[in-house]
Amino acid sequence: PTISRLKPEETPHKIRVSLRKQQEGLRPGQRVSLKGGLFPLPKPAVPGGFDFGRFFYFQQIGAVGFGQLPVTI
């Protein structure tokens, strides 16, 4: 992926993006182009709670966010 305001070496290799509506033809792992918002990996919501950031880290996911349609494959 490319992210404005981030140098190529700072850009995560994988991101997880959610869409509010489905678009035909999208499959996990595809390279796509879209507009949306990205956020750093989340911290646990409560002390001792599930750590999604750690979970995503070990899946090599460096950011999470949302996307807007249309998505170009």
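Two rings of Phe, Tyr or Trp, the last by its six-membered ring, count as a pair if their centres lie within 6.5 Å. With that cut-off in hand, let us walk through this predicted model, starting with its rings and moving on to its sheet.

**Aromatic pairs**

A pair of aromatic rings is described by the distance of the centres and the angle of the planes. Across the whole structure, a search turns up six aromatic pairs. One of them joins F39 and F66 in a tilted arrangement, with 6.2 Å from centre to centre and 35° between the planes. This pair connects distant parts of the chain, as F39 belongs to strand β2 and F66 to strand β3, 27 residues apart. Another pair, F50 with F52, is edge-to-face, its centres 4.7 Å apart and its planes at 75°.

Which residues are linked into a cluster by ring pairs? They are F50, F52, F55 and F56.

Here is how open to the surroundings some of these aromatic residues are, together with an isoleucine that we meet again below.

| Residue | Relative accessible area | Class |
|---|---|---|
| I15 | 31% | partly exposed |
| F39 | 46% | partly exposed |
| F66 | 38% | partly exposed |
| F50 | 52% | exposed |
| F52 | 44% | partly exposed |

The class exposed begins over 50% relative accessible area, so F50, at 52%, counts as exposed. F52, its edge-to-face partner, counts as partly exposed because its value is 44%.

**The sheet**

Strands β2 and β3, which carry F39 and F66, also take part in an open sheet of three strands. The order in this sheet is β1-β3-β2, and the pairing is mixed. Why is one side of β1 and of β2 left without a neighbour in the sheet? Both β1 (15-19) and β2 (33-39) stand at the edges and have a single partner strand each, so one side of each has no neighbour there. From one strand to the next, the twist averages 35°.

Strand β3 spans residues 63-72 and pairs with β1 in the parallel sense, over five bridges. I15, which lies in β1, stands opposite A63 in β3.

**A nonpolar patch**

I15 has a second role in this picture: with V17, V32, L34, L38 and I73, I15 forms a nonpolar patch on the surface. Together these residues have about 420 Å² of accessible area. Strands β1 and β2 each supply at least two residues of the patch. Patch members need over 30% relative accessible area, and I15 has 31%.

Notes: Residues are numbered from 1 along each chain as its sequence is written. This is a predicted model: local features need pLDDT of at least 70, side-chain atom pairs count only at pLDDT 80 or more; totals for chains, interfaces and linings use all residues. Side-chain values use heavy atoms; hydrogens and water are left out. Two strands pair if DSSP finds at least two bridges between them. Helices (H or I, at least four residues) and strands (E, at least two) are DSSP runs, numbered from the N terminus. Axes are lines fitted to C-alpha atoms, for helices over the stretch in contact, and angles run from 0 to 180 degrees between N-to-C directions. Patches are made of residues with over 30% relative accessible area and no salt bridge: like charges are joined within 9 Å, nonpolar side chains (Val, Leu, Ile, Met, Phe, Trp, Tyr) within 5 Å. Accessible areas come from the Shrake-Rupley method with a 1.4 Å probe; for residues, only the protein chains shown count as cover. A salt bridge is a side-chain nitrogen of Lys or Arg within 4 Å of a carboxyl oxygen of Asp or Glu. Buried means under 20% relative accessible area, exposed over 50%, partly exposed in between (1.4 Å probe, protein chains only). Rings of Phe, Tyr and Trp (its six-membered ring) pair if their centres lie within 6.5 Å; planes under 30 degrees apart count as stacked, over 60 as edge-to-face and the rest as tilted.
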